[in-house]
Amino acid sequence: MKLENNNFTIYEVEEIKKDFSKLLEQDKVVLDLENITKIDMSAMQLLIALKKSCEESKKEFEIKNLKQEVLSSFEITGIAYVLGV
């Protein structure tokens, strides 16, 4: 799933959350964050919840095409380790 909006914040989480349930129906969950330049903690929490759901369902989880500013946010918060990026 490619996120098209530049922002992945609390304002987008509810809309994107609806699509995540569809993602969990697949064998492998791949999120393409190429367009994301701004992410906040609510979005990061959603990603962690999605990864945990994948692990519980024995599904692969991958985040790809992270921009440096998003990766930096993941590293600063320690979420990079949790998400495996």
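## Helix H1 and its kink

Let's start with a bend: helix H1 is kinked by about 35 degrees, with the kink centred on isoleucine 16. Keep in mind that this is a predicted model. H1 runs over residues 10-23, 14 residues in all, and its first and last C-alpha atoms lie 20 Å apart, close to the 20 Å expected at 1.5 Å a residue.

Ile16, at the centre of the kink, is also one of the buried residues of H1, together with Glu12, Val13, Phe20 and Leu23. An α-helix has 3.6 residues a turn, so residues three or four places apart point the same way. The cover over the buried residues of H1 includes strand S1 (7-8), strand S2 (28-32) and helix H2 (41-56).

## Strands S2 and S4

Strand S2 pairs with strand S4 in the parallel sense, over five bridges. In this pairing, valine 29 sits opposite phenylalanine 61 of S4.

Which side chains of S4 are buried? Phe61 and Ile63 are, pointing to one face of the strand; Glu60, Glu62 and Lys64 point to the other face and are not buried.

## The nonpolar core

The largest nonpolar core has 24 residues, and the members that touch the most others are Phe8, Phe20, Leu31, Ile39, Leu47, Phe61 and Phe74. At least two core residues come from each of H1, S2, H2, S4, helix H3 (68-77) and helix H4 (79-83), with H2 giving the largest share, six residues.

Phe20 of H1 is worth a look here: leaving aside residues up to four places away in sequence, Phe20 touches Met1, Phe8, Leu31, Leu46, Leu47 and Leu50. In soluble globular proteins, nonpolar side chains tend to be buried together.

Definitions and conventions
Residues are numbered from 1 along each chain as its sequence is written. This is a predicted model: local features need pLDDT of at least 70, side-chain atom pairs count only at pLDDT 80 or more; totals for chains, interfaces and linings use all residues. Side-chain values use heavy atoms; hydrogens and water are left out. Helices (H or I, at least four residues) and strands (E, at least two) are DSSP runs, numbered from the N terminus. The expected span of a helix is 1.5 Å times one less than its number of residues. The bend at a residue is the angle between axes fitted to the seven residues ending there and the seven starting there. Buried means under 20% relative accessible area, exposed over 50%, partly exposed in between (1.4 Å probe, protein chains only). Contact means heavy atoms within 4.5 Å. Two strands pair if DSSP finds at least two bridges between them. A nonpolar core is a set of buried Ala, Val, Leu, Ile, Met, Phe, Trp, Tyr and Cys residues joined through side-chain atoms within 4.5 Å.
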